Amino acid sequence: MSRRDLLLREIGLSPVWRLRTGMTETAADASPVAESASPAVIETTAPPSVSSPTAPPGRAPAAPPAWLDDAPPPSAPPPQQADEPAPPADGRTQRIHTLDWDQLQGEVAGCQACPLCKTRRNTVFGVGDARADWLIVGEAPGGEEDRQGEPFVGPAGKLLDNMLNAVGLKRGDNVFIANVLKCRPPQNRDPAPHEVQQCEPFLLRQIELIQPKIIVALGRFAAQSLLKSDARIGSLRGKVHTYHGVPLVITYHPAYLLRNQPDKARAWEDLCLARKTYREAGPQQ
């Protein structure tokens, strides 16, 4: 009996192998090879269980990423790409957060918190349904918006209306349109950080009062201001973010789309994502 057989017998596992009649000692020496095949199988089957984490990679090819309607649903849970810090708790901010809708409009109209009050013709509070599910947020008023006191007028406004109509929406009907800034920066320059800081409590209070189910930010500046990010708009769109607990989708500004027609297709994808996010956010009217 081989040393291995003796060892197996000592531990109570013998006999596990019996020499066939006529089998030579040489063949018996070969038998451990046959038995060792058993643990070999275990070794080869173990990796699959270990390699089971490879299942996700296996699923990846089955998920075509092309159409944004297949993007991760925001309600399960929405991929929160960025969190925003709490608004500064200074006295002005605290007071703004206590205002009702009419008081807030009056506060915006009389705001002198930054130098833009010296160059504006009108403040641009926003327009639309004060209880809208959809909140559209742009950058700041332009020249025509400053004159009319309404956001998104002129060619860019017409394009925005067409974009809204394409997903079954209409300006003023379950839609409210606002800007990050309520006053026009001179020469339509980018808003300065301190200007955004002074206007942010207004937008936050609007969101608290409107309680939208979805926010769509139009353009790089609006996206970066809401997300407190300097990332390019191309890396921010196509995802569902959150802004103070409300799902936020980023897309291009209509004024940009007027100059860059090919990106209208991407904007359409973003609107489809927003519509899908809205539908999955809760009961529809």
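A residue is called buried when its relative accessible area is under 20%, exposed when that area is over 50%, and partly exposed in between, as found with a 1.4 Å probe on the protein chains only. The exercises below concern a predicted model, in which local features need pLDDT of at least 70 and side-chain atom pairs count only at pLDDT 80 or more, while totals for chains, interfaces and linings use all residues. Residues are numbered from 1 along each chain as its sequence is written, and side-chain values use heavy atoms, with hydrogens and water left out.

**Exercise 1.** Decide whether aspartate 133 is buried or exposed, and describe its link to lysine 213.

Solution. Begin with the relative accessible area of aspartate 133, which is 3%, so this residue is buried. Next take lysine 213, whose value of 27% makes it partly exposed. The two side chains meet in a salt bridge with an N to O distance of 3.3 Å; the term stands for a side-chain nitrogen of Lys or Arg within 4 Å of a carboxyl oxygen of Asp or Glu. Such pairing is possible because side chains of opposite charge can pair when their charged atoms come close. Finally, place the partners along the chain: lysine 213 is in the loop between α8 and β4 (214–218), and aspartate 133 is in the loop between β1 (127–128) and β2 (134–138), so the pair ties together parts that are 80 residues apart in sequence. The helices (H or I, at least four residues) and strands (E, at least two) named here are DSSP runs, numbered from the N terminus.

**Exercise 2.** Work out where the partners lie in the salt bridge of lysine 276 with glutamate 280 and in that of arginine 171 with glutamate 150.

Solution. For lysine 276 and glutamate 280, the closest N and O atoms are 3.0 Å apart. Both residues belong to helix α12 (residues 264–281), where they are four residues apart, about one turn of the helix. Glutamate 280 is partly exposed, with 29% relative accessibility. Now turn to arginine 171 and glutamate 150, whose side chains meet at 3.2 Å, N to O. This pair links distant parts of the chain, since arginine 171 is in the loop between α7 and β3 (175–179) and glutamate 150 is in the loop between α6 and α7, 21 residues apart. Glutamate 150 is partly exposed at 26% relative accessible area. In total, the structure holds 13 salt bridges.

**Exercise 3.** Describe the second largest cavity and the largest pocket by volume and lining.

Solution. First fix the terms: on a 1 Å grid over the protein atoms alone, a cavity is a set of points where a 1.4 Å probe fits but cannot get out, a pocket is an open set with protein on both sides within 12 Å along at least five of seven lines, and lining residues have an atom within 4 Å of a point. The second largest cavity has a volume of about 40 Å³, and its lining includes Val180, Glu200 and Tyr243. Helix α8 gives three residues, the largest share of that lining. The largest pocket holds about 650 Å³ of space, and among its 29 lining residues Glu139, His253, Ala255, Tyr256 and Arg259 lie nearest the centre. Here the largest share, four residues, comes from α11.

Technical notes. Points joined across faces, edges and corners; volume = space filled by probe spheres on them.
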